[in-house]
Amino acid sequence: MLAMALAALDSTIIATAIPQIVGDLGGFAVFSWLFSGYLLAVTVTLPVYGKLSDTFGRKPILITGIVLFLAGSLACAGAWNMASLIAFRVLQGLGGGALQGTVQTIAADLYPMKERPRIQARLSSVWAVSSVAGPALGGLLAAYADWRWIFLVNAPVGAVALWLIVRYFSEPERDRHGRRARRPRVDWPGALAIFACGGLLLTALVQGGVAWSWCSAPSLLLFAGSALCATVTVLIERRAAEPIIPGWVWRRRTISAVNLALGALGLLMVAPTVFLPTYAQAVLGLGPTAAGFVLSVMTLSWPVSAALSSHVYNRLGIRTCAALGIGGAGLVLLAFPLLPYPGAAWQPVLIMLALGAALGLFQLPLIIGVQSSVGYAERGTATASILSCRQVGQSLGAALFGALANATLNDRLAHAPSGIRPGLPGDLDAVSHALQHPGALTARATGYLRHAVDTTVDHVYLGAAAAAGLALAALLLLAPRRFPVHPDARGTGEGEPGAT
């Protein structure tokens with residue numbers, strides 16, 4: 001939980017300190033890479049660390065991840081300009097990829113299926129606490145100390161986590177047949193190809209429509225390069241003795257269906273995490289802290305629902321439990337556009353509570369089902385596969401829903417009444433800023449912009465509901481009715497009747 005806290009807190013604590021960081025170091029035009037660079041490093045390293053944990057064991061990979069994360073944190077605290085800070089954030093991400101995947105895999109190694117929802121709920125509670133405490137702590141440190149302390153606070157947490165893991169965590173050295181491991185081989189050409197493919201693709205998705213247009217030369221070159229690297233990766237992995245991404249990851253119905261379903265989850269999560277705070281501030285008129293609370297209530301119901309999910313999937317099966325969860329999430333997302341305009345803050349709060357409860361029934365059973373369908377020597381690879389698909393889905397969702405939001409808003413602005421059209425802002429960020437400082441706008445223009453943002457976010461939530469439909473289709477059409485349980489899992493008490 002302490003190791004997971006490093007990654008969880010880091011994803012929220014930095015956001016509120018961006019004005020102070022930019023004011024000190026400059027680089028406003030590229031500060032978004034503080035988030036994008038970290039996300040890119042985490043996503044492209046997840047499958048690599050998953051394979052390495054299957055090859056060398058979980059403990060050395062987790063220790064490596066903590067050390068890299070702490071080294072990146074200390075380097076970030078000493079950054080001298082924006083370029084160096086971005087580079088050190090990438091170093092943090094190289095450690096963060098090991099933290100996220102390996103902690104989830106260790107939870108599956110240590111605890112039988114009946115206990116895993118309770119343990120995973122505790123891990124989820126780390127994210128819940130971080131989503132609330134992170135922005136507040138980041139704002140306090142930036143306002144009353146120095147933004148560099150945002151990275152320095154990782155040191156004591158990481159040091160305690162490292163000491164506990166080194167001292168108390170032990171695991172047997174086994175190969176895929178349960179024997180003591182001998183001469184592990186690593187597919188380094190495949191790892192480099194995955195780095196290149198993922199880096200080019202995520203850069204195209206993150207920067208497209210922001211730094212350059214989607215049809216510009218940089219976007220086309222990046223997409224073409226990622227496609228070429230993907231082809232090279234497939235050729236390398238088919239020839240490798242121990243591929244980073246083995247073919248069985250996509251040949252097994254259980255894993256491929258969950259990969260697609262969690263990729264769709266990454267898509268739909270963009271709607272609440274990216275656009276709900278804008279809605280809360282621009283439409284409801286809430287401050288940043290209150291807007292953050294509207295979003296954070298989802299993380300309160302999610303771990304509770306996840307902890308109770310075992311009572312559902314033990315009776316109905318994992319696929320049915322997950323289908324009920326994502327079906328409920330789709331209905332909740334469809335309900336958002338039905339909220340009255342301008343509405344009250346308690347209405348989206350109830351929506352987010354219901355969404356967190358539905359997604360708790362969806363995500364955790366699928367992760368447990370995949371982890372229980374493979375043996376020890378494949379569990380790290382399988383876990384990293386589904387987590388990286390979710391991360392890629394999130395990047396794709398940011399690009400798709402960002403384009404949808406801009407198209408909707410531009411249409412509303414283009415059809416604005418002629419009396420207020422001159423001087424209206426041109427994009428979602430500018431509109432949000434104008435509504436937070438409405439002195440230059442007339443009451444009529446302010447009301448029109450608020451309604452335009454409301455329509456824009458409604459369309460994004462409809463798109464998120466469509467993503468929920470894709471996840472449901474992947475489960476019903478591709479996933480087996482009953483998830484298989486590997487003999488290794490049965491040895492730890494996971495093969496009880498009705499458990500899948």
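# A guided tour of the helices and ring pairs

Select Ile63 to begin: this residue is partly exposed, with a relative accessible area of 23%. The model on display is a predicted one. Ile63 belongs to helix H4, which covers residues 58–77.

**Around Ile63**

Keep Ile63 highlighted and add Leu162, Ile165 and Val166, which Ile63 touches when residues up to four places away in sequence are left aside. Between Ile63 and Ile165 the C-alpha to C-alpha distance is 7.7 Å, although 102 residues separate the two in sequence.

**H4 and H1**

Remain with H4 and add helix H1, residues 2–13; the two axes come within 10 Å and cross at roughly 40°. An angle that is neither under 35 degrees, nor over 145, nor from 65 to 115 counts as oblique, and H1 and H4 are therefore oblique to each other. The crossing in which H1 passes H4 is left-handed. To view the contact, select Ala3, Leu6, Ala7 and Asp10 on the H1 side, with Leu62, Ile66 and Phe69 on the H4 side. By residue class, this contact comprises 6 nonpolar residues, no polar ones and 1 charged.

**H3 and H17**

Select next helix H3 (residues 33–56) together with helix H17 (residues 376–414), whose axes come within 7 Å and cross at roughly 170°. H3 and H17 are therefore roughly antiparallel to each other. Residues of H3 that meet H17 include Leu39, Val42, Thr43, Leu46 and Pro47, and among their counterparts in H17 are Tyr376, Ala377, Glu378 and Arg379. The contact of H3 with H17 divides into 9 nonpolar, 8 polar and 4 charged residues.

**H15 and H19**

Turn now to helix H15, residues 318–335, and helix H19, residues 443–478. Their axes cross at roughly 165° and come within 8 Å. As angles over 145 degrees count as roughly antiparallel, H15 and H19 are therefore described as roughly antiparallel to each other. H15 passes H19 in a crossing that is left-handed. On H15, the residues to select are Arg319, Ala322, Ala323, Ile326, Gly330, Leu333 and Leu334; on H19, those in the contact include Tyr461, Leu462, Ala464 and Ala465. Sorted by class, the residues of this contact are 14 nonpolar, 1 polar and 1 charged.

**The aromatic pairs**

How many aromatic pairs does the structure hold? There are 5. One of them joins Trp163 and Tyr168, an edge-to-face pair with 5.9 Å from centre to centre and 90° between the planes. Is Tyr168 buried or exposed? Tyr168 has a relative accessible area of 56% and is exposed, while Trp163, at 48%, is partly exposed.

Move on to Tyr279 and Phe336, another edge-to-face pair, with 5.0 Å centre to centre and 65° between the planes. This pair links distant parts of the chain, 57 residues apart: Tyr279 lies in helix H12 (residues 253–282), and Phe336 in the loop between H15 and helix H16 (346–372). Tyr279 is buried, its relative accessible area being 2%. Phe336 also counts as buried, at 1% relative accessibility.

Finish by adding Tyr461 to the selection: ring pairs link Tyr279, Phe336 and Tyr461 into a cluster. Tyr461 was met earlier in the tour, as one of the H19 residues in the contact with H15.

Definitions and conventions:
Residues are numbered from 1 along each chain as its sequence is written. This is a predicted model: local features need pLDDT of at least 70, side-chain atom pairs count only at pLDDT 80 or more; totals for chains, interfaces and linings use all residues. Side-chain values use heavy atoms; hydrogens and water are left out. Axes are lines fitted to C-alpha atoms, for helices over the stretch in contact, and angles run from 0 to 180 degrees between N-to-C directions. Helices (H or I, at least four residues) and strands (E, at least two) are DSSP runs, numbered from the N terminus. A crossing is left-handed if the near helix is turned anticlockwise from the far one by less than a right angle, and right-handed if clockwise. Contact means heavy atoms within 4.5 Å. Ala, Val, Leu, Ile, Met, Phe, Trp, Tyr, Cys and Pro count as nonpolar, Asp, Glu, Lys and Arg as charged, and the others, Gly among them, as polar. Rings of Phe, Tyr and Trp (its six-membered ring) pair if their centres lie within 6.5 Å; planes under 30 degrees apart count as stacked, over 60 as edge-to-face and the rest as tilted. Buried means under 20% relative accessible area, exposed over 50%, partly exposed in between (1.4 Å probe, protein chains only).
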